[in-house]
Amino acid sequence: MPRGSPPSDGASSSSVSLAGWAGIWVGVLVLAMVGLGCVFFRRRRRRGARQAVAHHPPALLPAVAPAALLTGPSEGSEVVIDVDAPAAGSPETLLSIEEVLAREKELSEERLFQLKRDWLLREITARAAKQDVGPERRAIIGKNGKKVLPITVSRERVFQDSYAQFAWVTDADLKLPVSVHFQNEAGRDEGGVTRDWYSVLSRQMFNEDYGLFTASASDDGTFQVNPNSGVNPDHLDFFRFVGTIAGKAVADGCLLGVHFTRLFYKRVLGRPVTYHDMASHDVQFYKSLCWVIENDLSEQDLGLTFSVEREAFGAYEEVELKPGGQDMPVTQDNKREYVDLLAEWRLKDSVEPQMAALRGGLSRVVALELLHPFDECELEWLVGGLPHLDLGDWRAHTVYKAGYTDQVAIIIWFWQLVESWDEAMRARLLQFVTGTSKVPYPEGFAGLRGSDGLRAFHIVRVSDITRLPQAHTCYNELLLPDYDTFEDLKRSLVTAIFETGNQFLLR
């Protein structure tokens, strides 16, 4: 083709085709980039929405499922409580303790306890935020970017390891949530490991090697302070540690697998004790006190005075129960005072150093005055949780005596009454009769124990309908008068549980 001549039709058509395909491919690439950009933008919007919900959850979503309020948590489990915002329709969750106590008669026992507990946790949090208790010593930044108190322990040496680490913990450290790691275990603590640690640690507190606690005389699986714990030179430091752990567990909303006597909780609260409390401490000594109360001393000279001998490192010394007691004989007129003073000395003075150390540790986390609105039953629930009691199992393992059967009217009414009660009230009844609000696991009511071993729940007929029901906690016996009506039974039993406590046959 001569230079400068115009191109042929074929060459022109080929150039146009190449340009067309190039344009199409450029368009496809542009559309693809726009599509990827839209996907990336939508993902960012969804991620932002999830983060916004995480930090600002919808106000109408309940923090706790309603069913969770009706069943007690298991040992070592966390009590889920929203102390910042009450659930919809429940403004009473932010009541002051004065307002809660003012409504005591109109609230169920379970609801009253919940409101007291909610108030306590709010107060602990508020006081911790206000108080300046010095610097932190062991705090680290956790994986969530917040400060935590790290605890690293061996599962086999959980008590010793925890005790050693808490020896360096400041009051400021105790305000922080714990983050627990068990050595040689891969578990990451997002709450579950902490609950496990509390559960395992609390069981180790009763290890006989430490000598801190002994089984109670009632042989019902409960424990009491060992008056001879001084054989361990570090016993008071251990008791202080136990108190700190109990307070920390309450503040953290966790439960301890502990089973103490009612007397123990009374002592923590500083409540007065009576000689009836001796039944779970020393059965034989309690029977001796009962003999003094039962019998007329007018014509008997027992040689007793208002004093007692105390052993200290192999030597004996005489301690006066009241000023001038060594020269004051016990008579028919003053025998009740003698019994009360003697019981108080045995129950309080013999373990006062240990209880003082324990209360001291507890007060590092929970101010003792914050526990004053609680009674000894509620303190047990606060520390160890509200037990679930199987009513069918209870009825199946109940023994009737002195003329009662499961077919008589009073027994039918009794079970109808118990069935109508909530968990808290049933636990109070069980503690009134047996001395504990819990039953052994996994045996249930078949595993209840009395002073002589296994002992079922007993209901014993009493003919005198003018008296209130009474209990023998050593033998799991409810002494129930044969009342004429359901209302008489209900009124008398509730009165006995709340006003007389574990009163025995003698008053």
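## A guided tour of the model

Start with the whole chain on screen: the protein has 15 helices and 13 strands. What you see is a predicted model. Of the 507 residues in the protein, 44% are buried. The protein exposes about 26900 Å², and carbon and sulfur atoms supply 55% of that area. Now think about contacts with a separation of 6 or more: residues 24 or more positions apart account for 68% of them.

**Colour by confidence**

Colour the chain by pLDDT. The average for the protein is 77, and 73% of the residues score at least 70. Which elements mark the two ends of the scale? Helix α1 (residues 9–55) has the lowest mean pLDDT among the elements, at 44, and helix α10 (residues 352–363) has the highest, at 95. Next select residues 36–89. The pLDDT there is below 50, and the stretch has 40 contacts in the model beyond near neighbours in sequence. Then go to residues 501–507. Here too the pLDDT is below 50, with 35 contacts beyond near neighbours in sequence.

**The open sheet**

Select strands β8, β11, β13 and β12. They form an open sheet of 4 strands, in that order, with mixed pairing. Which strands sit at the edges? They are β8 (398–401) and β12 (470–472), and each pairs on one side only. From one strand to the next, the twist averages 25°.

Zoom in on β8 and its partner β11 (residues 457–462). The two pair in the parallel sense, over 4 bridges. Pick threonine 398 and look across: phenylalanine 457 in β11 stands opposite.

Now add helix α13 (residues 409–420). This helix packs on the sheet and touches β8, β11 and β13 (477–481). The direction of α13 makes about 120° with that of β13. Add helix α14 (residues 423–434) as well. Helix α14 lies across β11, β12 and β13, and runs at about 60° to β12.

**A covered helix**

Move to helix α7 (residues 262–269). How many of its 8 residues are buried? The count is 8 of 8, and the helix is mostly covered. Show the side chains: the buried residues of α7 are Arg262, Leu263, Phe264, Tyr265, Lys266, Arg267, Val268 and Leu269. What covers them? The cover includes β4 (213–215), β5 (223–225), α9 (335–347), α10, α11 (376–384) and α14. You have met two of these already: α10 in the confidence colouring, and α14 on the sheet. Step just past the end of α7 to glycine 270, which takes a positive phi of about 75°.

**Tyrosine 286**

Select helix α8 (residues 283–294) and find tyrosine 286 in it. Is this residue buried or exposed? Tyrosine 286 has a relative accessible area of 7%, under the 20% cut-off, so it counts as buried. Add histidine 276 to the selection. The two residues are 10 apart in sequence, and their C-alpha atoms are 7.5 Å apart in space.

**Last stop: cysteines**

Select cysteine 290. Its relative accessibility is 10%, so it counts as buried. Go on to cysteine 377. This residue is buried too, with a relative accessible area of 5%. How many disulfides are there? A disulfide is a covalent bond between the sulfur atoms of two cysteines. With a limit of 2.5 Å between sulfur atoms, the count comes to 0 disulfides.

Technical notes: Residues are numbered from 1 along each chain as its sequence is written. This is a predicted model: local features need pLDDT of at least 70, side-chain atom pairs count only at pLDDT 80 or more; totals for chains, interfaces and linings use all residues. Side-chain values use heavy atoms; hydrogens and water are left out. Buried means under 20% relative accessible area, exposed over 50%, partly exposed in between (1.4 Å probe, protein chains only). Two strands pair if DSSP finds at least two bridges between them. Axes are lines fitted to C-alpha atoms, for helices over the stretch in contact, and angles run from 0 to 180 degrees between N-to-C directions. Contact means heavy atoms within 4.5 Å. Accessible areas come from the Shrake-Rupley method with a 1.4 Å probe; for residues, only the protein chains shown count as cover. pLDDT is the predictor's confidence in each residue, from 0 to 100.
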